[in-house]
Amino acid sequence: MRVVLAYSGGLDTSVILVLLQEKLGAEVITLTLDVGQDDDFEEIAHRAEKLGAIKHYTIDAKREFVERFVLPALKANALYEGKYPLSSALSRPLIAEKLVEIAKKEGADAVAHGCTGKGNDQIRFELTIKALDKNLKILAPVREWNLTRDWEIEYAKSRGIPVKIKPYSVDENLWGRSIECGVLDDPFVEPPEDIFKWTKSLDKTPDKPEYITIEFSNGVPVALNNEKMPPEKIIMLLNEIAGKHGVGRIDHIEDRVVGIKSREVYECPAAITLIEAHKDLEKMVLTKWELQFKQLADSVWTWLVYSGLWIEPLRIELQKLIDEMNERVEGVVRLKLYKGSVLVVGRYSRNSLYEAKLSTYESWTSFDQTLAKGFVELWGLQSVAAYAKFFKDLKW
């Protein structure tokens, strides 16, 4: 049996790598995707081979991750339950896709992942894999063999598996860091400062605000502070710049797909900054009716991606609508970063629907106020009549 394992080099996947050989007699090929996490990929490859992998693949997928997954999420202003920018969720379909590609290339019978039965990632991986190759067997050892963290630690010690035992579970890519477990399991406990890596605590942030500009074209960032650069570089720089001001810390109670409420802590400086700027620019160039409908489309798109349905036709169809709406989203947004906040303080677009001559209260306005009388009368015609007939005795 030949298996391709999604391998991070951590406790779970290192134990799984050895167990697949021990329990199933499998030949294991390991795969690690670089989606912007701060890892030593040479060390991960060396560890996999030392633990018995017959071959290891490291794939630099940062640009592909940004172009195919992050930018669509930005266009959709994707914030699950108004908080989570989908950082981990967006990487799973790409990892699944690469697992299938390597399995076909290497003639593997199965692919394996290290997801538990409690989380969302099992859904994200497996539905994508099934859609791409329904005949490929999927192994989920943590779920199928009911592995627990304490058992894995003891097993690793007994087999001489060299892994660092961390007090938290961390997943990282360009779009954000996800931190779970340990003291964070108590939702009343404030996250300790040592879990944060990209963002400074407010007492250590600069005492003066920093102003930045982000230029968008077709709904995606193309320049930072008037300097043109690829989106992935803008994201990396914004993680540093916004993180320095404490922007992007998220601590909330999240509803998982499986029905469990979980306490989730994230660091997403670039994501929060870019989404705030993008939403503001959309309000300048889209009509009120487009904006109202897009909020619904964005919400459904975000839910589908969070819940593992990247391959759902509705997600693909909504993406076409969202992409088309974003064709007019171009211009420059000016933001103020200060003490954990990101505020839009200016915006410009050649596609702007804002007209100063209409909105001003000065004498040079072009708006004819006399037109409003008839509009007001017609706008509330039915509401006024219904209230007078059925609710006039209602005490507020």
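**Helix H3 and the second largest pocket**

User: Happy to look at this predicted model with you! What makes the span of helix H3 (residues 62-75) close to the expected one?

Analyst: Helix H3 has 14 residues, and from its first C-alpha to its last it reaches 18 Å. The expected value, at 1.5 Å a residue, is 20 Å, so the span is close to it.

User: How do you know that H3 bends, and where?

Analyst: Good one! Axes fitted to the seven residues ending at Phe 69 and the seven starting there differ in direction by about 30°, so that angle is the bend. A proline, Pro 72, follows within four residues.

User: Why are some residues of H3 called buried, and which are they?

Analyst: Buried means under 20% relative accessible area, so each residue on this list falls below that cut-off: Phe 65, Val 66, Phe 69, Val 70, Leu 71, Pro 72, Ala 73, Leu 74 and Lys 75. Across the chain, buried residues make up 49% of the 396 residues.

User: What comes after H3?

Analyst: Asn 77 follows, with a positive phi near 50°. Asn 77 is also among the residues nearest the centre of the second largest pocket, along with Ala 76, Lys 279, Gln 295 and Asp 298.

User: What makes a residue part of the lining of that pocket, and which helix gives the most?

Analyst: A lining residue has an atom within 4 Å of a pocket point, and 16 residues therefore count for this pocket of about 310 Å³. H10 gives the most, with seven residues, and H9 (269-285) supplies at least two. The lining divides into five nonpolar, five polar and six charged residues.

Terms used: Residues are numbered from 1 along each chain as its sequence is written. This is a predicted model: local features need pLDDT of at least 70, side-chain atom pairs count only at pLDDT 80 or more; totals for chains, interfaces and linings use all residues. Side-chain values use heavy atoms; hydrogens and water are left out. On a 1 Å grid over the protein atoms alone, a cavity is a set of points where a 1.4 Å probe fits but cannot get out, and a pocket is an open set with protein on both sides within 12 Å along at least five of seven lines; lining residues have an atom within 4 Å of a point. Grid points are joined across faces, edges and corners, and a volume is the space filled by probe spheres set on the points. Ala, Val, Leu, Ile, Met, Phe, Trp, Tyr, Cys and Pro count as nonpolar, Asp, Glu, Lys and Arg as charged, and the others, Gly among them, as polar. Buried means under 20% relative accessible area, exposed over 50%, partly exposed in between (1.4 Å probe, protein chains only).
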